[in-house]
Structure formats: C-alpha cells, structure tokens
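User: I am new to this structure and would like to learn how to read its features. Please take them one at a time.

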Amino acid sequence: MTSGNFHRLLLRQIKDNFGGVDKIPPEIKNFLENVNSAYKEYDNDIEHIERILSQSSKELFKSNKELKMLNETNEVTIHEKTKDVRKIKYNLDNAERISGTAIFTWSVKEERLEISDFFSELCHVNHDVLNSKIENLFNLFEERDEIRKYIEKCLTSKTKFKLEEVRLKNDNRLFSLEGNSLTFEDGEEVFLIGVVRDITAAKFREHQLDELLYSLEQYKNAIDNSGIVSITDYQGIITYANQKFCSISQYAETELIGKPHSILNSGYHPEEFFTGMWKTIASGKIWKGEVRNKKKDGSFYWVETTIVPFMKNGRVNQYISIRFDITEKKNILEQIEKQRNFYESILNNIPVDIAVFNKHHQYLFINPFAVKNDEVRQFLIGKDDFDYCNKFNKDITSAQKRRELFTIALNSRSTVEFLDENVNRNGKTVYTIRRFFPVNNLQGELEVMIGFGLDITEKIQQSNQLKDSLEEKEALLGEIHHRVKNNLALVMGLIEMQISRATDTTLRQHLTEIQNRISAMSLIHEKLYKSANFARIDLQEYLYDFVSFLASFYDKNKQVKLHFDLIQLYATTKRAIPIALIVNELITNSFKYAFNKKESGDIYISLKTNAENAELIVEDNGSGLPADFDLKKSNSLGMKLLDIFTRQIKGKYHISGESGMRVSITFLHEKEGVNS
C-alpha cells in the first residue's frame with residue numbers, strides 16, 4: 001500500500017470517528033503526523049525499491065529472455081544429442097543382435113560391471129543377477145578360472161585376450177569371449193571392454209561342415225580310386241586329371257593338362273555324337289553316354305561317361321567328367337553279341353520248331369521254321385496261342401492243350417514232352433513231338449521257357465511201315481523156329497526109333513546122349529517162337545526148364561535134389577545154344593557118374609554176373625574125379641565138347657573134383673552175346 005492511499009484511508013477514518021482533523025486530540029494528532037511522516041519515508045523507500053526492482057526486472061527480463069533463448073537452444077541441442085545417443089544405442093543394440101555379439105564393460109577403479117541389454121537376452125541373465133560384480137561374469141561359464149586368468153593378463157599386460165570356446169553353465173551353450181583394456185592418455189587404466197558371442201549354432205554348422213568336407217574328401221578319394229576323373233574349363237581344355245585317367249590313357253598329367261579331350265578321340269563316333277554331347281552340356285544339362293577313346297599307344301578303351309556342367313553367374317564355368325572303364329564289359333558284350341548272332345543264326349536255320357516264352361506263355365522268340373510267315377511271326381511276339389487263334393479264327397483245342405502242358409512244366413520245373421497232332425491245309429495229319437524246357441535263374445525262378453517242336457510225321461509213317469514189316473518178319477521167324485523145333489522133334493523121333501531097335505547098350509547110350517543134345521537145341525527154339533522177342537532168350541527160365549527136363553529123364557531110381565541160383569540174363573541164339581549144350585554135358589555127366597556109389601545127392605546150378613563177366617557154375621556132391629584124372633590127356637567126348645563150346649562163347653572154364661565135381665565157366669558181356 002502506498003503512502004497516498006494510506007493518507008486518504010486515514011482521513012476517511014478521522015472524519016468518520018472524530019468529525020474532522022481539527023477535532024482530533026493533540027496527542028493522537030502528533031502520533032498520526034509521525035506515522036504519516038514514517039509512511040512518507042516508506043513511500044520514498046518503496047519508490048526507490050520499485051525503481052531498483054523495475055530496473056532489475058527489466059534486466060532480469062532481458063536476462064530471462066536471453067536465458068530462455070539459450071535454454072531453447074540447449075534443449076534443441078540436448079534433444080538432438082539425446083536423439084543421436086538414442087539412435088546410436090538403438091543402432092548398437094541392433095548391431096549386437098544382428099552380429100550376435102553382446103558387449104560388457106568393467107570399470108577397474110569403480111569395480112562396476114555393466115552389460116548390454118542383448119547380453120542379458122543372449123546369456124539369459126539380468127543385471128541384478130550379475131550385481132555389477134566381475135566374479136558373477138566369471139561364474140556364468142564353466143571355464144571361470146581360465147576366463148579370470150585371461151582377463152587379469154589382459155589388464156596387467158594391456159593386451160587383447162580371446163577364448164575361442166567356453167560353455168555357459170545354465171544351458172550348456174558354447175560362446176566365444178574376447179576383450180581389450182582401454183586407458184586414458186596419461187596411461188591411467190579406465191576400464192575393460194569385452195564381447196561374447198553365441199557360437200553353438202556356428203560350431204554345429206562347423207561340425208557339419210567338417211563332416212561334409214570329410215565326406216566329400218572320402219567321396220573324392222572313392223571316385224579317384226574307382227573312376228576316371230577330369231575337369232575342363234568351359235572350352236573343354238583339361239585343367240585336372242586324376243591318376244586313373246593318366247594310367248588308362250597312358251598320358252602323363254603334364255601331357256593332358258592344357259589339352260582338349262580330342263587328344264583321346266578314337267575316330268569311332270560320328271561328328272554328330274560329339275555335337276549332341278556339347279549341345280547338352282553347354283545348356284547346363286548332364287550328359288551320359290559310352291565313349292570309345294584311344295590310348296597313347298593307339299589301342300582303344302571304352303568308358304561309361306557322365307559329364308556335369310558347373311554354373312557360375314548363370315553361365316557354364318567348367319565341366320567335371322567321371323568315367324568308368326567298361327572295356328572288358330564291352331568286349332564281353334561284343335562276344336555275347338557274336339554268340340547271340342551265331343546261335344540265332346543256328347536257331348533261325350535249324351529245321352526244328354523253336355520258340356521262347358515268358359512265364360505267362362507269351363512268345364519272346366519264334367524261329368522261321370516254326371512260323372514261316374514273317375507277318376504272323378511278328379504278330380505273335382508278346383502274345384500267346386489264344387491271341388493267334390482269335391486273330392486267325394483257329395480252333396483253340398490245341399492252344400488249351402499247350403497251355404495245360406506249359407503250366408505243368410512251369411510248376412514242376414521239369415521238361416514236359418507231348419505229341420502234337422494237327423491236320424494241315426492238304427488234309428494230312430502232321431505229327432510233331434514237342435517239349436517245354438524251363439530255364440531257371442540263380443534264384444530258382446523261371447527265366448524263360450523254351451519250346452522245341454520236331455516234325456516226326458515221316459518217322460511215324462516209317463515206324464508204322466517198319467512195325468508192319470517187323471510183325472510180318474516176326475511171324476515168319478516164329479514160324480521158322482516152330483519148324484526148326486518140329487524138325488528137331490522129327491529127328492529125335494527117328495533117333496528114338498533107332499534106340500528101340502538097337503541091341504548094343506553102348507550104341508543106345510550114345511544115341512540117347514545125341515537125343516539130349518538135340519533136345520537142348522529144340523527147347524531153345526521152342527522158347528524163342530513162344531517168346532515175344534525172337535532175338536534173345538531168358539537163360540534163367542531156360543536153364544531151369546532144361547535141367548528139370550534132364551533130371552526127369554535120368555533120375556529114375558535115385559533121389560537127386562536140384563538147387564538153382566539163377567539171375568535173369570538174356571542171350572542171343574548164337575550164345576544160348578553153346579551154353580545149353582555145355583549145361584547138357586555137365587548135368588548129364590553128374591547124373592551118369594557122380595552118384596554111382598550113393599543113393600541120393602545134390603546138384604547146384606548158378607548163374608551170376610559182375611561188372612564185366614557172367615559166371616555159370618555146375619556143381620555136385622558126388623564121388624568127384626578120379627585121383628589120376630588129367631584134363632589135358634582126357635579123351636572124353638564131353639570134355640572135348642565143353643572145351644569147344646566154351647571157346648565159342650569166348651569164355652574160360654575151370655574144373656575141380658576133390659569133394660564132388662565143380663565146373664565154372666566165365667564169359668564176357670558182349671553186344672552179340674549176353675545182355676542184362
């Protein structure tokens with residue numbers, strides 16, 4: 001409040017309370033004057049202060065204005081700087097995440113550890129856990145002592161440190177850890193800055209890469225050891241040749257490098273062959289084929305070739321060729337082709353129906369002799385007999401029979417033979433003997449079925465004619481044997497008449513022996529004409545019947561027992577008659593002389609064979625030969641006949657007579673003699 005305002009307020013109060021100034025008591029009036037005087041001084045002071053304040057306010061306003069302008073400038077600067085810092089931090093954070101590298105710092109003086117936000121994320125820890133202690137950083141990893149040692153060395157020697165591989169404790173991931181110490185200009189150490197990087201995936205990829213490189217190295221070694229490898233540039237100039245390439249081509253590596261592959265051109269392939277190859281690989285496609293190359297010495301070799309183009313920036317950069325030596329295979333195939341042509345020529349020209357089938361009875365091959373019509377033969381390939389019958393309107397009876405027999409051969413894995421009977425265009429019956437012959441592979445499965453067909457119509461006709469002729473001849477031969485037997489019977493009748501008239505005992509005996517010999521021959525002819533086979537006689541049956549006949553003739557009063565041990569053995573007439581006459585002489589001799597001093601006895605007749613010989617044995621248990629008997633000096637007719645007939649059958653005989661008489665005759669198995 002100013003003094004003027006105070007004076008006016010005071011006058012209004014005096015007027016209201018005292019009625020005017022002149023009515024105020026003196027002591028109050030003095031007080032009011034003193035107060036008024038004090039207020040005037042106060043007003044002066046206030047004015048002075050106001051003037052100072054006014055001046056100061058003007059200066060302050062000016063200063064505030066300047067300060068405000070300065071603050072606005074500083075705020076812009078601070079904002080820009082803060083923005084830059086934030087941008088730097090943002091970029092730094094992004095850089096950390098992009099690079100996978102997290103930062104930490106350690107202030108040595110303040111013993112303060114600071115980690116970046118990405119460090120917390122990467123190691124799955126927060127700032128509170130680390131608690132600003134470097135020890136806590138060490139404790140994050142399994143290799144804490146090793147990390148401490150490296151950091152201490154870094155701080156003392158002021159050198160960088162790097163640990164290639166440390167393991168995080170909480171999840172066993174792998175990290176790399178490296179850092180450096182930073183100092184002021186005066187050499188005083190300030191802090192350590194370090195980075196950590198999660199290398200788990202990188203190590204895994206590195207491991208995979210190592211394995212891949214190892215595998216590729218193994219593949220390369222395998223290919224180098226088994227294949228012929230070369231690398232050429234995009235123009236076909238050789239830039240690499242492995243040892244096998246050099247060995248098979250007979251060129252040294254230095255002779256191949258820098259040369260085109262045409263150095264190996266054998267001239268075997270036409271120009272179009274290589275033009276097509278280059279067109280394929282130049283377009284970036286893989287080419288495969290078989291190539292005949294020429295060695296340095298001029299000889300040839302075959303390779304199975306694969307050429308792989310390698311692209312760079314969309315264009316072919318080089319070619320890798322992998323080849324395998326197939327010379328032996330080609331030689332074998334060439335031999336097989338020659339053999340195929342050879343056998344196919346035989347099969348196509350042999351006068352036999354030949355067809356090859358698969359397991360479904362479909363034709364794989366038919367020779368021209370089986371089907372002369374080329375069109376029909378081509379039609380049948382891949383088809384069966386029913387397709388043929390349907391195509392040419394033929395009866396399926398024969399096709400059904402063949403299918404049934406084919407199935408039997410297929411299931412039994414054995415040859416099936418059958419007679420195929422057909423009527424040709426001329427109405428004549430054609431006979432074909434056919435066979436299905438299965439050919440199995442190594443696994444026992446059917447590879448192919450070969451069918452053979454041989455026309456035997458002419459042979460059957462000849463066989464029928466021969467059969468008719470043979471029946472006629474057999475009838476004639478039977479008649480001959482019958483007539484011979486009857487004639488011999490007539491002779492025996494005449495001899496019997498002569499015996500009845502003879503009075504001389506010796507003559508009667510000789511005539512009887514002759515009669516028995518004729519009986520032996522007569523019985524052979526009787527057996528033959530009664531047999532189905534006029535060429536051979538069964539000695540087992542014949543000897544049993546003939547010896548039994550002789551026993552009935554001679555064994556009138558004595559009891560002689562016969563013992564037979566005979567195998568079935570066939571002999572021609574030429575051999576059977578001498579054998580019959582030998583048996584006649586030996587059996588007759590036993591009955592006449594062996595048992596003169598005995599009332600009974602035994603006669604043994606055996607016929608046996610081994611691999612080469614037959615043996616006939618006649619033995620008795622009679623009195624045996626005299627002590628002074630000498631076979632060489634004997635004039636006996638029976639011994640002479642034994643010798644003659646044995647030589648006729650090309651045999652040998654042996655006689656022993658110590659306890660009874662035993663005669664053994666051995667003779668060879670001969671085609672015209674004895675057959676089992």
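Analyst: What follows covers salt bridges, two sheets and a cavity.
This is a predicted model, in which local features need pLDDT of at least 70, side-chain atom pairs count only at pLDDT 80 or more, and totals for chains, interfaces and linings use all residues. Residues are numbered from 1 along each chain as its sequence is written, and side-chain values use heavy atoms, with hydrogens and water left out.

User: How many salt bridges are there?

Analyst: Side chains of opposite charge can pair when their charged atoms come close. The rule here asks for a side-chain nitrogen of Lys or Arg within 4 Å of a carboxyl oxygen of Asp or Glu. The count comes to 25 salt bridges. One of them joins Arg 144 and Asp 145, at 3.1 Å from N to O. Another joins Lys 296 and Glu 255, with the closest N and O atoms 2.9 Å apart.

User: Which parts does the pair of Lys 296 and Glu 255 tie together?

Analyst: Helices (H or I, at least four residues) and strands (E, at least two) are DSSP runs, numbered from the N terminus. Lys 296 lies in the loop between strand E8 (287-294) and strand E9 (300-312), and Glu 255 in helix H9 (residues 253-256), so the pair ties together parts 41 residues apart in sequence.

User: Are Lys 296 and Glu 255 buried or exposed?

Analyst: Buried means under 20% relative accessible area, exposed over 50%, and partly exposed in between, with a 1.4 Å probe and protein chains only. Lys 296 is partly exposed at 44%, and Glu 255 is partly exposed at 28%.

User: Which residues are linked in a network of salt bridges?

Analyst: The network links Asp 353, Asp 385, Arg 402, Asp 420 and Arg 434.

User: How do I read a sheet, and what is the strand order in the one with E13 and E14?

Analyst: Strands of a sheet pair through backbone hydrogen bonds, either parallel or antiparallel. Two strands count as paired if DSSP finds at least two bridges between them. Here five strands form an open antiparallel sheet in the order E12-E11-E15-E14-E13. Strand E12 (363-366) and strand E13 (416-423) are at the edges with a single partner strand each, so one side of each has no neighbour in the sheet. Eight bridges join E13 to strand E14 (residues 429-440), and Phe 418 stands opposite Arg 434 in E14.

User: What is the order of the sheet with E20 and E22?

Analyst: That open sheet has five strands in the order E17-E19-E20-E22-E21, with mixed pairing. Its edge strands are strand E17 (559-566) and strand E21 (651-656). E20 and E22 pair in the antiparallel sense over seven bridges, and Asn 613 has Leu 668 in E22 as its bridge partner.
A salt bridge also joins Glu 619 and Arg 662, whose closest N and O atoms are 3.6 Å apart. Glu 619 is in strand E20 (residues 613-620) and Arg 662 in strand E22 (residues 662-668), 43 residues apart.

User: How are cavities found, and which residues line the largest cavity?

Analyst: Rolling a probe the size of a water molecule over the atoms shows where empty space is left. A cavity is a set of points, on a 1 Å grid over the protein atoms alone, where a 1.4 Å probe fits but cannot get out; lining residues have an atom within 4 Å of a point. The search finds one cavity of 30 Å³ or more. The largest cavity is lined by Leu 586, Asn 589, Ser 590, Val 618, Glu 619, Asp 620, Met 661 and Val 663. Helix H18 (573-594) and E20 each supply at least two residues of this lining.

Conventions
1 Å grid on protein atoms, 1.4 Å probe; cavity = no way out; pocket = protein on both sides within 12 Å on 5 of 7 lines; lining within 4 Å. Points joined across faces, edges and corners; volume = space filled by probe spheres on them.
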